[in-house]
Amino acid sequence: MPEKIRALPPCDWPTAEREIWAQACVAARRLKPGGTAARMKTSTRTSLVRAYGYLLEFCHRNGLLNQDAEAGAHVTPEILDAFVHHLQGRVGSVTRASYIGKVRRIAQILAPGRDLVWLGELEADLRYQARPRPKYHRIVSSER
């Protein structure tokens with residue numbers, strides 16, 4: 001069984017990304033708008049952080065993590081291609097597509113000026129290929 005995937009916590013993220021994410025999560029106050037992620041549910045923010053943490057942990061394990069990099073610098077076609085390939089043996093196709101969608105969402109928050117059209121296309125390809133696992137084994141008969 002493969003080793004459990006661990007997410008890099010935000011306190012270990014590169015400085016620029018950690019600071020931008022913290023600003024994005026600042027709640028609105030009277031006459032002051034909140035950050036980009038402030039209106040998201042806590043569970044949504046948590047899942048975005050977890051998915052991005054998986055990507056950064058992958059970068060860390062493979063020597064690709066640069067603590068001085070600008071925000072969103074680890075979201076490149078080469079790194080995401082290797083990350084998706086790494087996930088193929090570890091998680092299902094639906095989860096893989098979900099992770100990439102969450103990485104895209106958080107990358108748009110961290111680096112709003114970057115062109116991420118290619119990432120949207122990758123997400124669309126993965127969603128097209130996604131096949132949910134059958135869950136027939138969970139059905140309980142009425143006699144039971």
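Helices (H or I, at least four residues) and strands (E, at least two) are DSSP runs, numbered from the N terminus. The model above is predicted, so local features need pLDDT of at least 70, side-chain atom pairs count only at pLDDT 80 or more, and totals for chains, interfaces and linings use all residues. Residues are numbered from 1 along each chain as its sequence is written, and side-chain values use heavy atoms, with hydrogens and water left out.

**Exercise 1. The overall fold**

Work out which elements the chain has, from the N terminus on.

Step 1. Begin with the tally: the chain has five helices and zero strands.

Step 2. Put them in order, and the elements read α-α-α-α-α.

Step 3. Add the dimensions: along the principal axes, the C-alpha atoms fill a box of roughly 60 × 40 × 30 Å.

Step 4. Finish with burial. Buried means under 20% relative accessible area, exposed over 50%, and partly exposed in between (1.4 Å probe, protein chains only). Of the 144 residues, 38% count as buried.

**Exercise 2. How H1 meets H4**

Find the angle at which helix H1 and helix H4 pack, and list the residues that meet.

Step 1. Locate the pair: H1 covers residues 15-24 and H4 covers residues 93-110.

Step 2. Read the geometry. Axes are lines fitted to C-alpha atoms, for helices over the stretch in contact, and angles run from 0 to 180 degrees between N-to-C directions. The angle here is about 90°, and the axes are 9 Å apart.

Step 3. Classify the angle: H1 is therefore roughly perpendicular to H4. The classes are under 35 degrees for roughly parallel, over 145 for roughly antiparallel, 65 to 115 for roughly perpendicular, and oblique for the rest.

Step 4. List the contacts (heavy atoms within 4.5 Å). From H1 come Glu17, Ile20, Trp21 and Ala24, and from H4 come Ile106, Ile109 and Leu110.

**Exercise 3. The largest nonpolar core**

Identify the elements that give two or more residues to the largest nonpolar core.

Step 1. Fix the term: a nonpolar core is a set of buried Ala, Val, Leu, Ile, Met, Phe, Trp, Tyr and Cys residues joined through side-chain atoms within 4.5 Å.

Step 2. Size it up: the largest core has 35 residues, and Trp13, Trp21, Tyr52, Leu55, Val75, Leu80 and Phe83 have the most contacts inside it.

Step 3. Name the contributors: H1, H2 (42-61), H3 (77-88), H4 and H5 (117-129). H2 gives the most, with nine residues.

Step 4. Zoom in on Val75. Leaving aside neighbours within four places in sequence, the contacts of Val75 include Tyr52, Leu55, Leu80, Val103 and Trp118.

**Exercise 4. Salt bridges**

Trace the salt bridges and say how many the structure holds.

Step 1. Set the rule: a salt bridge is a side-chain nitrogen of Lys or Arg within 4 Å of a carboxyl oxygen of Asp or Glu. The structure holds three.

Step 2. Take Arg61 and Glu57, whose closest N and O atoms are 3.6 Å apart. They are separated by about one helical turn because they lie four residues apart in H2. Arg61 is partly exposed at 42% relative accessibility, whereas Glu57 is buried at 15%.

Step 3. Turn to Arg104 and Glu123, which meet at 2.5 Å, N to O. Arg104 lies in H4 and Glu123 in H5, so the pair ties together parts 19 residues apart in sequence. Both residues are buried.

Step 4. Follow Glu123 to Arg127, where the closest N and O atoms are 3.3 Å apart. Arg127 counts as partly exposed at 46% relative accessibility. Salt bridges that share partners thus join Arg104, Glu123 and Arg127 into one network.
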